[in-house]
Amino acid sequence: MNKEMKETLDKVAVYEEWAKRKALKAGNLAFASMFMIGVAAIIIQMLLTVDIRFVLGETISVLVGGILYAAIMVYNGIWDKCLPKSATIWRDFLTSVICAEIFSAIYGVCLLRMGATETQITRLALEFLIGITIVAFIILRILAFINQKKNQRPANDQDEKAASLSKMEYIKIYNAQNIVETEQIMEMLKQNGIVAFSQEPGANVAMHVVSGFGIYGVDIFVKTDDAEKAAELVKEIRNQENE
């Protein structure tokens with residue numbers, strides 16, 4: 001019965017993850033569409049007027065929106081979701097080159113309309129292209145690095161927690177069904193002079209001294225020296241309840 005329930009919960013978790021990914025893709029598409037429309041409007045106005053003052057407000061809005069979007073993605077650890085490192089590096093480089101080419105072409109047109117010679121346009125546009133490519137690639141790699149650290153942090157915290165439990169010589173003795181049962185056992189252990197604490201399952205602990213009930217429940221830990229005594233007390237409680 002527990003096996004069937006666990007399989008059901010696994011399927012629910014997979015479905016929820018799929019739904020989150022679908023919502024994420026929809027949100028990304030919506031933002032990308034609005035962002036590209038804003039950029040296109042700025043480019044058109046720049047080509048017509050050759051004066052950044054006329055598009056300063058739109059430019060600031062697009063930049064702020066893009067920065068806020070990137071910050072939210074990185075904060076939630078989904079900037080490079082499900083992409084291998086090699087793929088993210090290539091994608092960032094390609095994105096940097098494409099964006100730099102677009103803005104270099106616009107820059108060249110603006111220079112032409114301002115009366116620059118072909119030699120000046122070629123030299124300045126090429127320098128602009130190289131500079132923008134480098135800056136954009138560095139920014140994207142920094143975002144990817146921060147995102148990677150963000151994803152590694154929960155795993156590192158879990159490992160540190162498990163290591164601290166090992167150093168303190170605490171082991172799990174029981175898996176309580178719910179919070180009520182946990183509080184009853186914790187209070188009973190406290191009355192018998194046994195130091196204990198509880199947490200949700202997940203840490204790498206040494207053993208189960210007494211079999212618990214429920215699928216996930218709440219794990220109860222005591223010091224190694226008190227494990228045998230604590231296990232006997234828990235057994236007594238379980239036997240009394242069964243009787």
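Begin by selecting Ile-146, which is found in helix 4, the helix that covers residues 118-167. In this predicted model, Ile-146 is partly exposed, its relative accessible area being 41%. Keep Ile-146 selected and add Leu-126, Ile-130, Ile-134, Ile-138, Ile-142 and Phe-145, and you will have on screen a nonpolar surface patch of about 650 Å².

Before going further, display the whole protein as a cartoon. The secondary structure comes to six helices and three strands, and, read from the N terminus on, the elements follow the order α-α-α-α-β-α-β-β-α. If you colour by accessibility, 26% of the 243 residues of the protein count as buried.

Next, select helix 2, residues 56-75. With 20 residues at 1.5 Å a residue, helix 2 should span 28 Å, and its end C-alpha atoms are indeed 28 Å apart, so expectation and model agree. Within helix 2, now pick out the buried residues, which are Val-62, Gly-66, Ala-70, Met-73 and Val-74. Turn the view until you look down the axis of helix 2: these buried residues fall within an arc of 95°, and therefore line one face of the helix. The spacing of such positions has a general background, because an α-helix has 3.6 residues a turn and residues three or four places apart therefore point the same way. Rotate to the other side of helix 2, and there you can select Ser-61, Ile-67, Leu-68 and Tyr-75, which are exposed.

Move on to helix 3, residues 85-113, and select Cys-99, which has its place there. Cys-99 is partly exposed, with a relative accessible area of 32%, whereas Cys-110 has a relative accessibility of 6% and so counts as buried. Should you look for disulfides, the count comes to zero. From Cys-99, draw a distance to Ala-136: the two residues lie 37 residues apart along the chain, and their C-alpha atoms are separated by 8.4 Å.

The next stop concerns charged side chains. Side chains of opposite charge can pair when their charged atoms come close. In this model the count comes to four salt bridges. Select Arg-91 and Asp-92, which form a salt bridge whose closest N and O atoms are 3.1 Å apart. How exposed is Arg-91, with its relative accessible area of 28%? Arg-91 is partly exposed, because 28% lies between the cut-offs of 20% for buried and 50% for exposed. Asp-92, by contrast, is buried, at a relative accessible area of 1%.

Keep Asp-92 in view and add Arg-141, with which Asp-92 forms a salt bridge in which the closest N and O atoms are 2.7 Å apart. This pair links distant parts of the chain, since Asp-92 sits in helix 3 and Arg-141 in helix 4, 49 residues apart.

Then select Asp-219 and Lys-172, whose side chains meet in a salt bridge at 3.2 Å, N to O. Here too the pair links distant parts of the chain, with Asp-219 in strand 3 (residues 218-223) and Lys-172 in strand 1 (residues 170-176), 47 residues apart. Asp-219 is buried, and Lys-172 is buried as well. To finish, show Arg-91, Asp-92 and Arg-141 together, and you will see the three residues joined into one network by salt bridges that share partners.

How values were computed:
Residues are numbered from 1 along each chain as its sequence is written. This is a predicted model: local features need pLDDT of at least 70, side-chain atom pairs count only at pLDDT 80 or more; totals for chains, interfaces and linings use all residues. Side-chain values use heavy atoms; hydrogens and water are left out. Patches are made of residues with over 30% relative accessible area and no salt bridge: like charges are joined within 9 Å, nonpolar side chains (Val, Leu, Ile, Met, Phe, Trp, Tyr) within 5 Å. Accessible areas come from the Shrake-Rupley method with a 1.4 Å probe; for residues, only the protein chains shown count as cover. Helices (H or I, at least four residues) and strands (E, at least two) are DSSP runs, numbered from the N terminus. Buried means under 20% relative accessible area, exposed over 50%, partly exposed in between (1.4 Å probe, protein chains only). The expected span of a helix is 1.5 Å times one less than its number of residues. The arc is that of the directions from the helix axis to the C-beta atoms. A disulfide is a pair of cysteine sulfur atoms within 2.5 Å.
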